[in-house]
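Reader: I'm in my first year and still learning to read these pictures. Could you pick one part and walk me through it slowly, along with whatever it packs against?

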Amino acid sequence: MVVREIPEQYLEGYDRILADVAATGRRLTRDEIASRRALGEQAAEAGHGLRTLVSAHLTAARTAWPSTSGSADSALAAVQQVIDAFAEGYERAQRLAVRQEEAARREFIDDLLYGRSDLGRLAERAERFGLRFSHAHAVAVAQGPAAYDEGDPVPRQVERALIARFGDRNVLLTTKNGRLLCIAPGHQDEVLTYFAQQAHAATGGGRVAVGRPQPGPGGVVHSYEEALNALELAERLDLDDPVLRAADLLVYPVLTRDRQAMADLVVNALGPLTTARGGAQPLLDTLTAYFDSGCVAAEAARRLTLSVRALTYRLERIHKLTGANPADATHRYMLQTAVIGARLLDWPAKDL
């Protein structure tokens, strides 16, 4: 390993301080401590390692020792004070650099996900954080029971797992609005799959959505929005899958693209259910369970904690009110589409 030589400027005045302190037994002055801190900051900004810098101070102390008369204890105390002040300045500069890096990273992520920056400039900044917009990227978003920031244990745990498994693969892991985000090259689906597994476990069973790979900086925004929409759909439709892929849910945006047409279908197909005793919701829940169970009455009854006879009665009631028979293939598609629309539009809780 090549060790960078430490310039003498970071040891300026050190031998004089040692000689004077050893001779007089005094402690370092405030100005001397401040000068050591300043040198520590400069060394950190120049990229020198703290271990090598401390070693240089100890070597310089040993070199000056034969010509340093006076108390050895005072000289050692001075060495301790110098190194302590130097390390304090070094660490202060590092903390400042970390805060600046975090601020730059957060600004980049905000600009990237909101599309607020010039695309050419955004691509230049992206390379600093390991993204290459010459490739398509996909975004996975994990949502747990709590909101997460980058410094929290959960994001750190997931990040450690990804690094241990894949190393540096031009992957950006961050947080946004309390959710965990993983941005990875579109062809590295195994990274997003592993992120989903780790995030699901780390968040205590949280839900993860994965957007489709999209090209360019704008593609990251598109994939991110797809993942957010998938999470919203999962909540509205009460989907059980812990990992959702936007590519598997494309039918739902198609169904809701013409909201008025969908609202008309819901009202016309399911509106008569509102006249039932207890309102439309129990019968709508019956249709939902029936379709989700593959139109198997026994399974639907189990999900609703009903007897098969009670479920059959409800289906007959739906047929009588709407004129559409859930067990009839010719009516089933229309009813099932209307049920999906009702869940997406939050009907009957909201008037259409």
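Author: Let's start with the aromatic pairs: searching the whole structure, which is a predicted model, turns up two of them. Take the one formed by Phe166 and Tyr194. Their ring centres sit 5.6 Å apart and their planes meet at 85 degrees, so this pair counts as edge-to-face. Now look at where the two rings come from. Phe166 belongs to helix H6 and Tyr194 to helix H7 (residues 189–202), so the pair ties together parts that are 28 residues apart in sequence.

Those two rings also belong to a wider contact. On the H6 side you'll find Val154, Gln157, Val158, Ala161, Leu162, Arg165 and Phe166. Facing them from H7 are Glu190, Val191, Tyr194, Phe195, Gln198, Ala199 and Ala202. Sort the residues of this contact by class and you get ten nonpolar, two polar and two charged. As for the geometry, the axes of H6 and H7 are 10 Å apart and the helices pack at an angle of about 145 degrees. The crossing is right-handed.

H6 has another partner, so keep following it. This helix, residues 153–166, lies across strands S2 and S3 (179–185), and its direction is at about 165 degrees to S2. Helix H8 (residues 216–237) packs on the sheet too, touching S1 (137–143), S2, S3, S4 and S5. The direction of H8 makes about 35 degrees with that of S1.

And the sheet itself? Five strands make it up, in the order S2-S3-S1-S4-S5; it is open, with mixed pairing. At the edges are S2 (172–176) and S5 (243–245), each of which pairs on one side only. From one strand to the next, the twist averages 20 degrees. If you'd like one pairing to zoom in on, try S4 (residues 207–210) and S5: they run parallel and are joined by three bridges. There you can spot Val210 standing opposite Arg245 in S5.

For practice, here's another helix pair to set beside H6 and H7. Helix H1 (residues 14–24) packs with helix H3 (residues 50–64) at an angle of about 55 degrees, their axes 10 Å apart. That angle makes H1 and H3 oblique to each other. Their crossing is right-handed. Tyr14, Asp15 and Leu18 make the contact from H1, while H3 brings His57, Ala60, Ala61 and Ala64. By class, that's five nonpolar residues, one polar and one charged.

Notes
Residues are numbered from 1 along each chain as its sequence is written. This is a predicted model: local features need pLDDT of at least 70, side-chain atom pairs count only at pLDDT 80 or more; totals for chains, interfaces and linings use all residues. Side-chain values use heavy atoms; hydrogens and water are left out. Two strands pair if DSSP finds at least two bridges between them. Helices (H or I, at least four residues) and strands (E, at least two) are DSSP runs, numbered from the N terminus. Axes are lines fitted to C-alpha atoms, for helices over the stretch in contact, and angles run from 0 to 180 degrees between N-to-C directions. Contact means heavy atoms within 4.5 Å. Angles under 35 degrees count as roughly parallel, over 145 as roughly antiparallel, 65 to 115 as roughly perpendicular and the rest as oblique. A crossing is left-handed if the near helix is turned anticlockwise from the far one by less than a right angle, and right-handed if clockwise. Ala, Val, Leu, Ile, Met, Phe, Trp, Tyr, Cys and Pro count as nonpolar, Asp, Glu, Lys and Arg as charged, and the others, Gly among them, as polar. Rings of Phe, Tyr and Trp (its six-membered ring) pair if their centres lie within 6.5 Å; planes under 30 degrees apart count as stacked, over 60 as edge-to-face and the rest as tilted.
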